[in-house]
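Reader: I'd like to learn how to read the inside of a protein model. Could you walk me through one?

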Amino acid sequence: MIGNVDDPTEIKRYRDVVRKAGSHGDYVIIGVEHQSTFDKNMIFRILNYDATTYINQVESKKEVYPVGSFVFYTGDEEWNLPETLKETLKNIPSEMEPNINDWRLPVVDLKTMDARKLMNRRLRNVVEISQSMFVGSYDGLRENRKIETESFMMAATFTCTNIRREDLLEGNEINMCKAMDQLFQRMRDEGKLNTLKGLLKVKLGTLSIFLEKQLTNASLEKLNVLTLNIFNINSEEDVLKIIN
């Protein structure tokens with residue numbers, strides 16, 4: 001709500017995160033927008049959010065705190081959009097340029113931010129794991145340390161990494177070294193299963209839903225035996241005799 005307190009105007013604006021932060025007794029209002037894709041109008045959104053926050057403070061007749069906003073960017077491409085209002089605007093007459101107010105759009109890129117500056121251990125873990133996932137660094141993930149499972153899943157969400165909770169060791173904390181070994185073993189096993197299904201489809205033409213399910217639930221040992229006997233398979237019954 002902005003404008004007159006008794007007769008306000010309703011404007012719907014939704015920030016992702018708003019926090020009041022303090023330093024040495026001085027306070028500021030921090031707004032954070034999470035972006036995983038580019039938005040060429042981002043600077044106008046931020047300007048609108050900030051202006052509305054200032055108007056609300058003025059209309060409430062309370063102390064007006066400074067407002068700062070930034071974009072937390074988690075996309076896999078480098079952010080290449082203008083980060084100031086003047087850079088976004090085109091054809092500003094040179095004689096008027098000094099009179100056009102500017103507005104900054106700070107962008108914090110998850111891929112390149114310095115995790116060492118983060119005081120919160122959990123947040124630092126999320127950033128470090130995310131950065132390893134972005135570059136596909138197995139060694140960067142396979143460190144012998146314990147982290148919260150939620151932190152690992154948050155990094156997977158930020159980076160759109162296909163990891164399910166059931167892929168990880170049970171518990172609120174996981175050992176990164178053991179968890180990644182288990183995860184990569186599952187991925188290797190799934191790769192072997194998919195290859196085997198492909199070979200069987202070439203051999204038999206199609207696979208029934210029942211056989212697909214039986215193959216998915218079969219042990220790795222049974223799948224290895226089936227692979228060795230792939231040239232002797234002539235029907236789904238032959239497959240079932242081996243894996244059951």
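Author: Happily! Keep in mind that this is a predicted model. Let's begin with one residue: beyond its neighbours within four places in sequence, L200 is in contact with G205, L207, L215, L226, I230, I233 and V239.

Reader: Which residues have the most contacts inside the largest nonpolar core?

Author: The general idea comes before the case. In soluble globular proteins, nonpolar side chains tend to be buried together. Here the largest nonpolar core has 14 residues, and L200, L215, L226 and V239 have the most contacts inside it. Two or more residues of this core come from each of helix 6 (176-204), helix 7 (209-217), helix 8 (220-228) and helix 9 (236-243). Another core, of ten residues, lies apart from it and includes I43, V71, Y73 and L105.

Reader: Now a single helix. Which residues of helix 1 are buried?

Author: An α-helix has 3.6 residues a turn, so residues three or four places apart point the same way. In helix 1, the buried residues are M42, I43, I46, Y49, D50, T52, T53 and Q57. They pack against strand 2 (26-35), strand 3 (67-73) and helix 2 (85-88).

Reader: What span does helix 1 reach, and what follows it?

Author: Helix 1 (residues 42-59) reaches 26 Å from its first C-alpha to its last, close to the 26 Å expected for its 18 residues. After helix 1 comes K61, with a positive phi near 60°.

Reader: And how many helices and strands does the protein chain have?

Author: The protein chain has nine helices and six strands. Of its 244 residues, 32% are buried.

Conventions: Residues are numbered from 1 along each chain as its sequence is written. This is a predicted model: local features need pLDDT of at least 70, side-chain atom pairs count only at pLDDT 80 or more; totals for chains, interfaces and linings use all residues. Side-chain values use heavy atoms; hydrogens and water are left out. A nonpolar core is a set of buried Ala, Val, Leu, Ile, Met, Phe, Trp, Tyr and Cys residues joined through side-chain atoms within 4.5 Å. Buried means under 20% relative accessible area, exposed over 50%, partly exposed in between (1.4 Å probe, protein chains only). Helices (H or I, at least four residues) and strands (E, at least two) are DSSP runs, numbered from the N terminus. Contact means heavy atoms within 4.5 Å. The expected span of a helix is 1.5 Å times one less than its number of residues.
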